[in-house]
2 protein chains.
Amino acid sequence: MPNFHAKVQVSLRTSVLDPAGEATKSAAAKLGIKGLTKLRIGKAIDIEIEASDIQEATAQLELLSDRLLANPVIEDWNLELSPANSLSIT
Amino acid sequence: MPNFHAKVQVSLRTSVLDPAGEATKSAAAKLGIKGLTKLRIGKAIDIEIEASDIQEATAQLELLSDRLLANPVIEDWNLELSPANSLSIT
């Protein structure tokens, strides 16, 4: 069965406060890092999945993202999917 | 001063166990999601920074990633940086 590589990015909706990001931004200023205007912390989930085709893999990963990886009340998610051997095709 | 958009991906080193990822993988199996062979959870930090040029922005963000965003004992990080107006240039 073909193997697919996926990356799901989960980020807080822009209307939701990010206290961890704000704390990191303050700490960065104390460390002498200047010019930060935005810092928001999200999740990046690295996945490998076996599926019969890319449609099947997409369906499984959309279910996973919606039900387990993200909280749709406060978070958005974004899925990138590619065949696991895509680098060796070229 | 030019504005830059950056994304820092922080992931656990492959030799480090990821209990949260393993728990999510088990929960996915119970939810009926088949074929997952790998699931590891990392962080994705979305940043905007003002700097005089891209070298300056890179230097500030490398310091930030090494000192605050990642724990270099157990985590690797990867920085993607682009001018904030890159979409409107084309």
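**Reading a two-chain interface**

Trainee: Is Asp46(A) buried or exposed?

Mentor: Asp46(A) is buried, because its relative accessible area is 17%, and the cut-off for buried is under 20%. Keep in mind as we go that this is a predicted model.

Trainee: Which side chain meets Asp46(A) in a salt bridge?

Mentor: Let's take the general idea before the case. Side chains of opposite charge can pair when their charged atoms come close. Here the partner of Asp46(A) is Lys38(B), with N and O 3.0 Å apart. This pair runs between the chains: Lys38(B) sits in strand β2 of chain B, and Asp46(A) in strand β2 of chain A. With a relative accessible area of 24%, Lys38(B) counts as partly exposed.

Trainee: And what does Lys38(A) form a salt bridge with?

Mentor: Its partner is Asp46(B), and the closest N and O atoms are 3.0 Å apart. Lys38(A) belongs to strand β2 of chain A and Asp46(B) to strand β2 of chain B, so this pair also joins two chains. Lys38(A) is partly exposed at 26% relative accessible area, whereas Asp46(B) is buried at 18%.

Trainee: How many salt bridges does the rule find across the interface of chain B and chain A?

Mentor: Two. A search of the whole structure, over all chains, gives four. One of those four lies within chain A: Arg13(A) pairs with Asp76(A), their closest N and O atoms being 3.5 Å apart. Arg13(A) is in the loop between β1 and α1 of chain A, while Asp76(A) is in strand β3, so the pair ties together parts 63 residues apart in sequence. Arg13(A) is partly exposed at 32% relative accessibility, and Asp76(A) is partly exposed at 35%.

Trainee: Now the interface itself. About what area is buried between chain B and chain A?

Mentor: Again, the idea comes before the case. The size of an interface is often given as the accessible area lost when the parts come together. For chain B and chain A that area is about 2800 Å², with carbon and sulfur atoms giving 60% of it. Three residues, Leu31(B), Lys38(B) and Glu48(B), supply 18% of what chain B buries against chain A, more than any other three. Counted by contacts, 33 residues of chain B touch 33 residues of chain A.

Trainee: How many residue pairs are in polar contact across the interface of chain B and chain A?

Mentor: The rule finds 14 such pairs. As for where the touching side of chain B comes from, β1, α1, β2 and α2 of chain B each supply at least two residues. The largest share, 15 residues, is from β2(B). By type, the residues on this side of chain B are 16 nonpolar, eight polar and nine charged.

Trainee: How many bridges join strand β2 of chain A to β2(B)?

Mentor: There are 13 bridges, and the two strands run antiparallel. To follow one of them in your viewer, start at Ile45(A), whose bridge partner in β2(B) is Ile41(B).

Trainee: One last residue, away from the charges. Where is Ser65(B) found?

Mentor: Ser65(B) is in helix α2 of chain B. It counts as buried because its relative accessibility is 0%. To see what surrounds Ser65(B), set aside its neighbours within four places in sequence; the contacts are then Val8(B), Ala70(B) and Trp77(B).

Note on methods
Residues are numbered from 1 along each chain as its sequence is written. Chains are lettered from A and ligands numbered from 1 in the order in which they are written. This is a predicted model: local features need pLDDT of at least 70, side-chain atom pairs count only at pLDDT 80 or more; totals for chains, interfaces and linings use all residues. Side-chain values use heavy atoms; hydrogens and water are left out. Contact means heavy atoms within 4.5 Å. Buried area is the accessible area (1.4 Å probe) that two parts lose on being put together, summed over both. A polar contact is a pair of N or O atoms within 3.5 Å; within protein, one must be able to donate a hydrogen and the other to accept it, and residues adjacent in sequence count only if both atoms are side-chain atoms. Helices (H or I, at least four residues) and strands (E, at least two) are DSSP runs, numbered from the N terminus. Ala, Val, Leu, Ile, Met, Phe, Trp, Tyr, Cys and Pro count as nonpolar, Asp, Glu, Lys and Arg as charged, and the others, Gly among them, as polar. Two strands pair if DSSP finds at least two bridges between them. Buried means under 20% relative accessible area, exposed over 50%, partly exposed in between (1.4 Å probe, protein chains only).
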